[in-house]
Amino acid sequence: MQSGLGDLDELYQEVLLDHYRNPRNTDRLEEPASEVDAVNPFCGDEIHMQLGMDGERVAKISVSGQGCSISQATGSLLTEIVEGKTPDEARALRELFRGLMMGEDLTDDQLDELEDSVALQGVRRFPVRIKCALLSWSALSDALDKVAPAG
Amino acid sequence: MASGAPLDVQRIRADFPILSRQVNGHTLTYLDNAATSQKPTQVIQSLVDYYERYNSNVHRGVHTLSIEATEAYEDARGKVQRFINAPSPESIIWTRNTSESLNLVAYTWAEANVGAGDEIVTTAMEHHSDIVPWQQLAYRKGATLKIIRETETGRLDMEQAAEFITERTKIVAATHMSNVLGTVNDVKALADAVHRVGGVMLVDGAQSVPHMPVDVQALDCDFMAFSAHKMLGPTGIGVLYGKPEILEVMPPWMFGGDMILEVTFEDASWNDLPYRFEAGTPNIADAIATGAAVDYLAELGMDRVWAHEQQITAYALDKFKDLNGITLLGPREVEDKGAVISFSHDSVHSHDLGTALDQLGIAIRTGHHCAMPLVRSHGIISAARASFYIYNTEAEVDILVDGLNEAEEYFSKAGIL
Ligand SMILES: Cc1ncc(COP(=O)(O)O)c(C=O)c1O
């Protein structure tokens, strides 16, 4: 059996490519409530994340960095669902996303909560790339801990 | 075997069971040899033989198995000694890998001989294993670390080296061959320079010993470090060569069985070389298998190994010229360049390239190659690397190039070019 690159389509979903080509929410915040640099020591990929808070909620989030399509697109996709959430809600999203990567069965409602980030489901079939997808989410977790320590 | 005749690559390939493995529906194309090499049946079999026939501790028993194990273990040391033309078996110390060998020098010789205000000289081409121990030593001692830069053509700036090596220099630590650029450095010239000022020369031979004839006496280096796993041998074993007169006065760093001569409850005296630096039960099986790996390479002849790799590198460099969007790191010509080709793509990240090639059964390395400062100095954070060995063919270079073209087409359709 000879296969070409067709299987890659599962990894490189159109939504992901779109976010890689045109990352959202990259503008740096003037006065971030919290700021984190995350590096994947295995590959050197970098994510710079800033959070702006409005009371209890994440009002603004900025993500920029350097690295592969998966790590960078995940960062961009993440901003779209985290904005407006409380730290605990954002942490719950992170758990859902981790579940998605680890191959857990999520309910339809849970998948809905992740919105376009569900497009990263295909990463599961490429286990070494899972860490690329988790980089931004672990940056988020660190950034959240700075504004509201986990209970 | 006629020296000078090209390697019989098809015959060599038959010795490597893994090369017939299927990966994602394709026969494996293994181009990650700078990370670790594959192992021939002869090496695998020597491990099996040891465990099936004479597994036993060394230097301890008077029984037959122990005598056989000790003989085989010391025999392997002798093979390594002859392989790099070291003056005596005592100058070969078994370690876990190159990293441990380098750390051994940093924690023993350098700990005793480098002080505040002294200088350590290394290069911009080093693996993290040959940078971080020196940074840490410099912090501990208040010494200064100087880094010889890379020229625009991917060579070591020997003029800067001459400037940096001064009366204050205690040690020069340099790689013989860069694991990223493939550059072969003139470590003999560095050794001469540091000897003129009374310092010592440490060579990281992790990439040179597996691929070219290496003669530590001709290079006149004081230390050389390398790993068996990159030269057909098993993982978990490496070598530190040291000039006997230096090892003789170097303090030990790990204490325990085998490294002592006499122990009382109050004190201990140290065993002879090389055992002084080999505390505890050593990695017997892997040392013996390293001997088998060295036999295999010696039988081929290292001049022929080098010639084969020069040929394949020249072929690959030529083929790479026609690729779109690819920038090579390091020398573009094969002179003084080993079989390592690192490259970056203008718009496709090396991981995405690596994943695509893996779909085609092609194994390359991607990332920072444990040389973050070097890769970053090229304005990128990650590169792809193909590295070749005795079993690789020009046909495999073609497979790589076709794969890169296919990936280019895929990512171009995906709109990320
Ligand atoms: C030039 C160089 N030095 C040191 C090392 C470290 O070798 P090891 O991981 O076997 O300690 C490597 C291996 O990647 C290398 O290429």
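**Cysteines and a pocket**

Student: How far is the sulfur of Cys370(B) from the closest cysteine sulfur?

Tutor: That distance is 12 Å, to the sulfur of Cys43(A), and this is too far for a bond. Keep in mind as we go that the model is predicted.

Student: What is a disulfide, in general?

Tutor: A disulfide is a covalent bond that links the sulfur atoms of two cysteines. The search counts a pair of cysteine sulfurs only if they lie within 2.5 Å.

Student: How many disulfides does a search of the whole structure find?

Tutor: Zero, over all chains. Cys43(A) is in no disulfide, as its nearest cysteine sulfur, in Cys132(A), is 5.5 Å away.

Student: Is Cys43(A) buried or exposed?

Tutor: Cys43(A) has a relative accessible area of 1%, so it is buried, because buried means under 20%. Cys370(B), on the other hand, is partly exposed, at 24%.

Student: Let's turn to pockets. What is the volume of the largest pocket?

Tutor: About 600 Å³. Its lining has 20 residues, and the closest to the centre are Val128(A), Gly354(B), Thr355(B), Ile364(B) and Thr366(B).

Student: Which elements of chain B each supply at least two residues of that lining?

Tutor: Look for α13 (350-359), β15 (362-363) and β16 (365-367) in chain B. Of the lining, α13(B) gives the most, with five residues.

Student: And how do the lining residues divide into nonpolar, polar and charged?

Tutor: The lining of the largest pocket is a mix: eight of its residues are nonpolar, six are polar and six are charged.

Technical notes: Residues numbered from 1 in each chain as written. Chains lettered and ligands numbered in written order. Predicted model: local features only at pLDDT ≥ 70, side-chain atom pairs only at ≥ 80, totals over all residues. Heavy atoms only, no water. Buried < 20%, exposed > 50% of the residue type's maximum accessible area, 1.4 Å probe, protein only. 1 Å grid on protein atoms, 1.4 Å probe; cavity = no way out; pocket = protein on both sides within 12 Å on 5 of 7 lines; lining within 4 Å. Points joined across faces, edges and corners; volume = space filled by probe spheres on them. Helix = DSSP H or I, 4+ residues; strand = E, 2+ residues; numbered from the N terminus. Nonpolar A, V, L, I, M, F, W, Y, C, P; charged D, E, K, R; others polar.
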